[in-house]
Amino acid sequence: MITNFLIDSRFGGPHTILKHLYSNTNYQNKTIYLDKNYMNFKFSNLKKFNNFFYIFDIFYNFLKLYMKKKTFNKSNVFFVFSIVNIIPILLGISLKKKIIWYIIEKPDKLFYSIFKILNYFYKIEVVCICKSIAQQLKQKKYKVYFPAINNSFWKNTKKTNNKKINLTCVGNINHIKNHLQLIFFLQEAEINYNLNIVGKKLDSQKKYYSELRSKINKINLDKKNFIKIHNNKGPIFIKKMLEKTDIYILPSKSEGMSISLAEAMSMNQLCMVSNLSNHSKLILHKVNGFEFKLEKRSFIKIFKEIILLDEQKLKNIKKQARKTILDVVEKNKVFEINFKNMFFSNLRSN
């Protein structure tokens, strides 16, 4: 099987999902990770300068890969992440491979149209990270695979006892994750807090990172509140951070499904998520977490409501958060069994 990330070879959500799948199916030794580090491939990435060059990148990189088509003869399956990852889809079609297209994000109009055209002319297996994305794609035949969580590892047995409210966000630093707006909301809420942002600084988001860092430095000078960015941290660090957390916050402008959210829920965390990051409806408002609109009034209202929760209600919501993830893990087993054989015949179909 060939799984293709092309330009984006940084470790992220797709790699985490694949790692779990392979560890449960013993398939990793038969997989080629085709990214910019594979066999010294030199891919074009002009779109980083201007989105207009995206078309050139597609044609150039497709031809470069096609010239190396013998490399792909060992595999009959292309497992492709992301609706914007068009090149491996085109390559798979041209080589007449079985294509499994895993859609993990909300589609815009352009990529929705491209998806529909390609899916019309070639039989592609469509897997969505949640049902709502399949509905947005108007896809009748699809499977659902939710990010798998090692609930034995992501388990919290410690109690927090903090003078300030400890808040945690986990996700690479980019404008979609929306840290800047979160900080603005927190300042308007007029509540003392410590905020830890765990995420990688991205080369493509230097300007945003600089703005975020500048804002954080100004807040920290006041000494009433404290914000810290933790770069390139692994699961052990994140787990320890969550053990000290009062509220996990996901303020994203868009999110198919956040693995870090599922990990936090598995840790019995009280989670507060934006409505735009809750496409999967994993969070049921006031049942296993809280949902807010990306506006100041909604955020402050929900935030203060959480702070005033009585101990028993707080305990029940956290318990339901972990139960949700345990249920998801059980449902994943069906997918993983079929993934091993690559037939996808007995998955959760809709």
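What percentage of the 350 residues in the protein chain do buried residues make up? The share is 53%. The model behind these views is predicted.

**Figure 1. The protein chain holds eleven helices and twelve strands.** About 18500 Å² of the chain is exposed. Carbon and sulfur atoms supply 53% of that area. Take the contacts with a separation of 6 or more: 67% of them come from residues 24 or more positions apart.

**Figure 2. Six strands form an open sheet with parallel pairing.** The strand order is β9-β8-β7-β10-β11-β12. At the edges are β9 (226–230) and β12 (290–292), each pairing on one side only. From one strand to the next, the twist averages 20°. Strands of a sheet pair through backbone hydrogen bonds, which may be parallel or antiparallel in arrangement.

**Figure 3. Strands β7 and β8 run parallel and are joined by six bridges.** Strand β7 covers residues 165–170, and strand β8 covers residues 193–198. L167 has L195 in β8 as its bridge partner.

**Figure 4. Helix α7 packs on the sheet.** The helix spans residues 206–222. It touches β8 and β9. The direction of α7 makes about 145° with that of β9.

**Figure 5. Helix α10 lies across four strands: β7, β10, β11 and β12.** Residues 296–307 make up this helix. Of the strands it crosses, β10 is 247–250 and β11 is 270–274. Helix α10 runs at about 160° to β12, which is an edge strand of the sheet.

**Figure 6. A nonpolar patch sits on the surface.** Its members are F49, F52, F53, F56 and Y60. Together they have about 590 Å² of accessible area. F53 belongs to the loop between β2 (32–35) and α2 (54–66). F53 counts as partly exposed because its relative accessibility is 34%, between the cut-offs of 20% and 50%.

**Figure 7. K48 lies in the loop between β2 and α2.** Its relative accessibility is 59%, so K48 counts as exposed; the cut-off is over 50%. K48 and D203 are 155 residues apart along the chain. Their C-alpha atoms are separated by 9.7 Å.

Note on methods. Residues are numbered from 1 along each chain as its sequence is written. This is a predicted model: local features need pLDDT of at least 70, side-chain atom pairs count only at pLDDT 80 or more; totals for chains, interfaces and linings use all residues. Side-chain values use heavy atoms; hydrogens and water are left out. Two strands pair if DSSP finds at least two bridges between them. Helices (H or I, at least four residues) and strands (E, at least two) are DSSP runs, numbered from the N terminus. Axes are lines fitted to C-alpha atoms, for helices over the stretch in contact, and angles run from 0 to 180 degrees between N-to-C directions. Contact means heavy atoms within 4.5 Å. Patches are made of residues with over 30% relative accessible area and no salt bridge: like charges are joined within 9 Å, nonpolar side chains (Val, Leu, Ile, Met, Phe, Trp, Tyr) within 5 Å. Accessible areas come from the Shrake-Rupley method with a 1.4 Å probe; for residues, only the protein chains shown count as cover. A salt bridge is a side-chain nitrogen of Lys or Arg within 4 Å of a carboxyl oxygen of Asp or Glu. Buried means under 20% relative accessible area, exposed over 50%, partly exposed in between (1.4 Å probe, protein chains only).
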